[in-house]
Amino acid sequence: MRAIQMVRPEARGVSYGDDVEVPTPGPGEVRVRVARTAICGTDRHIYHWDESISHLVRPPVTIGHEFCGYIDAVGDGVETWSEGDYVSAEMHIVCGHCRACLRGDFHVCEHTKIAGLQQNGCFAESVVVPASNLVRLDPETVPPHIGALLDALGNAVHTVQAANTVEGRHVLLSGYGAIGAMAAAVVQFKGAASLTISEVSPGHLERAHEWAARMGDRVPIHIVNPLSEPDFAGKVREFSGGGVDVVLEMSGAVPAINDGLEVLYPGGEMVMLGIPAGRDLLIDRFSERVIFKGLTLKGVVGRRMFDTWDEMLSMLKLGLDLDHIVTHQLPLSSFEEGIALLDKGEAHKVVLDPSAG
Ligand SMILES: [Zn+2]
Ligand SMILES: [Zn+2]
């Protein structure tokens with residue numbers, strides 16, 4: 001079968017093969033024929049062998065972790081799934097017995113393995129996953145190009161869920177990359193008092209403006225480039241009646257984190273999904289900006305298993321529209337073209353079709 005693998009990191013890049021062995025599901029596992037799969041920021045970092053992620057990858061491995069498809073083989077002991085079922089899957093494989101798992105906090109399992117990094121992922125015609133990680137999809141409300149985004153949408157929804165609430169609140173979202181764009185759609189869908197988007201990349205800014213124009217004014221949406229706005233804090237306070245209640249930090253950029261803390265209204269909260277580079281995060285005037293304002297800072301990782309999945313599937317059923325996020329659809333073999341589009345900031349989400357070549 002066709003697959004994209006990280007084989008020799010020292011050579012950089014990946015290998016695209018069409019003679020990779022089709023995997024066989026073991027006990028408790030199923031094999032899924034991949035209908036669509038999407039390129040994640042993580043895959044880009046693996047492709048470029050960036051330090052932020054390379055230490056987690058165990059080559060040789062088939063990369064990719066965002067997909068949907070149809071079950072085409074079922075291992076021993078799997079009773080609730082059958083061939084032909086339309087599914088996606090949580091690709092964080094958890095142990096089920098550490099303290100976090102026993103509390104139901106599977107998303108922070110101490111022994112998490114990520115398919116597409118430490119075991120074979122879904123940039124292939126078929127992928128094997130534990131049956132306990134499957135999520136059933138409704139083909140009426142989740143077409144395959146959207147089904148391929150659910151892992152990333154889960155990050156966005158989990159980030160929004162991690163705030164006390166966004167309904168009726170003033171929200172600043174920093175970082176309108178693919179996950180930021182999904183989080184913006186969720187915030188708009190849920191009905192915030194206002195949404196301010198802060199972004200610096202010209203391509204992402206353009207897509208943010210296009211989306212905001214289409215959404216109308218049910219939720220007032222403001223878009224600011226902090227690099228070209230000399231009074232960023234003043235502007236955001238003007239848009240939010242004196243300060244925002246919630247910052248959704250999706251950029252990992254230290255200036256954005258500082259700006260977000262600056263414009264948070266006392267008692268507000270910052271939910272952090274973006275990953276700052278380097279080991280330490282320097283916050284200016286920490287006591288003034290965080291402690292004396294009584295802020296809450298919360299880190300977010302992965303998706304809650306499986307309440308985040310339930311929430312996103314129900315929002316899609318109720319009409320959450322994400323079509324604008326899928327800017328490109330390519331055959332699997334054009335993976336490197338997809339990476340180049342993302343590197344240049346010309347794409348939001350690139351969806352790949354393994355059956356198309
Ligand atoms: Zn991902
Ligand atoms: Zn665990």
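These are my notebook entries on what I looked up in this predicted model.

**Conventions**

I number residues from 1 along each chain as its sequence is written, and I letter chains from A and number ligands from 1 in the order in which they are written. Because the model is predicted, local features need pLDDT of at least 70 and side-chain atom pairs count only at pLDDT 80 or more, while totals for chains, interfaces and linings use all residues; side-chain values use heavy atoms, with hydrogens and water left out.

**Entry 1: the zinc ion with four cysteines**

I began with the zinc ion (ligand 2), whose protein donors are C95 (SG), C98 (SG), C101 (SG) and C109 (SG), lying 2.3 to 2.4 Å from it. I noted that donors are N, O and S atoms within 2.8 Å of the metal (3.2 Å for Na, K and Ca), and that water is not among the atoms, so sites may look incomplete. Along the chain, the donors of this zinc ion (ligand 2) follow the spacing C-x2-C-x2-C-x7-C. C95 sits in the loop between β7 (92-93) and α3 (99-102), and C109 in the loop between α3 and β8 (113-114), 14 residues apart. Helices (H or I, at least four residues) and strands (E, at least two) are DSSP runs, numbered from the N terminus.

Why is the arrangement around the zinc ion (ligand 2) tetrahedral? The four donor atoms subtend angles of 103 to 119°, and four donors count as tetrahedral if all angles lie between 85 and 135 degrees. For comparison I wrote down that the ideal angle for four tetrahedral donors is 109.5 degrees.

I then checked accessibility, where buried means under 20% relative accessible area, exposed over 50%, and partly exposed in between (1.4 Å probe, protein chains only). C95 counts as partly exposed at 24% relative accessibility, whereas C109 is buried at 6%.

**Entry 2: the other zinc ion**

For the zinc ion (ligand 1), I found the protein donors C40 (SG), H65 (NE2) and E66 (OE), which lie 2.1 to 2.3 Å from it. Their spacing along the chain is C-x24-H-E. C40 lies in the loop between β3 (29-38) and α1, and H65 in the loop between β4 (61-62) and β5, so this pair ties together parts that are 25 residues apart in sequence. Both C40 and H65 are buried.

**Entry 3: aromatic rings**

Next I looked at rings of Phe, Tyr and Trp (its six-membered ring), which pair if their centres lie within 6.5 Å; planes under 30 degrees apart count as stacked, over 60 as edge-to-face and the rest as tilted. By this rule I have four aromatic pairs. In one of them, Y47 and F335 are edge-to-face, with 5.9 Å from centre to centre and 75° between the planes. Since Y47 belongs to helix α1 (residues 41-47) and F335 to helix α12 (residues 335-343), the pair ties together parts that are 288 residues apart in sequence. Y47 and F335 are both buried, and together with F123 they form one aromatic cluster.

The rings of Y70 and Y86 have centres 5.1 Å apart and planes at 25°, so I recorded this pair as stacked. Y70 is in strand β5 (residues 67-74) and Y86 in strand β6 (residues 86-89), 16 residues apart. Is Y70 buried or partly exposed? Y70 is partly exposed, with a relative accessible area of 27%, while Y86 is buried at 7%.

P144, in helix α4 (residues 144-147), touches both of these tyrosines, and also A35, R36 and C68, not counting residues up to four places away in sequence; contact means heavy atoms within 4.5 Å. The C-alpha atoms of P144 and R36 are separated by 5.9 Å, although these residues are 108 apart along the chain.

**Entry 4: domains and cores**

The protein is divided into domain 1 (3-149 + 322-356) and domain 2 (156-299), with bounds from an automatic or database domain assignment. Their centres, taken over C-alpha atoms, are separated by 29 Å, and the contact takes 11 residues from domain 1 and 12 residues from domain 2.

A nonpolar core is a set of buried Ala, Val, Leu, Ile, Met, Phe, Trp, Tyr and Cys residues joined through side-chain atoms within 4.5 Å. The largest one has 55 residues, and L150, L153, L195, L248, L316 and L322 have the most contacts inside it. This core draws at least three residues from each of the two domains.

Notes:
Tetrahedral: all angles 85-135°; square planar, octahedral: opposite > 155°, others 65-115°.
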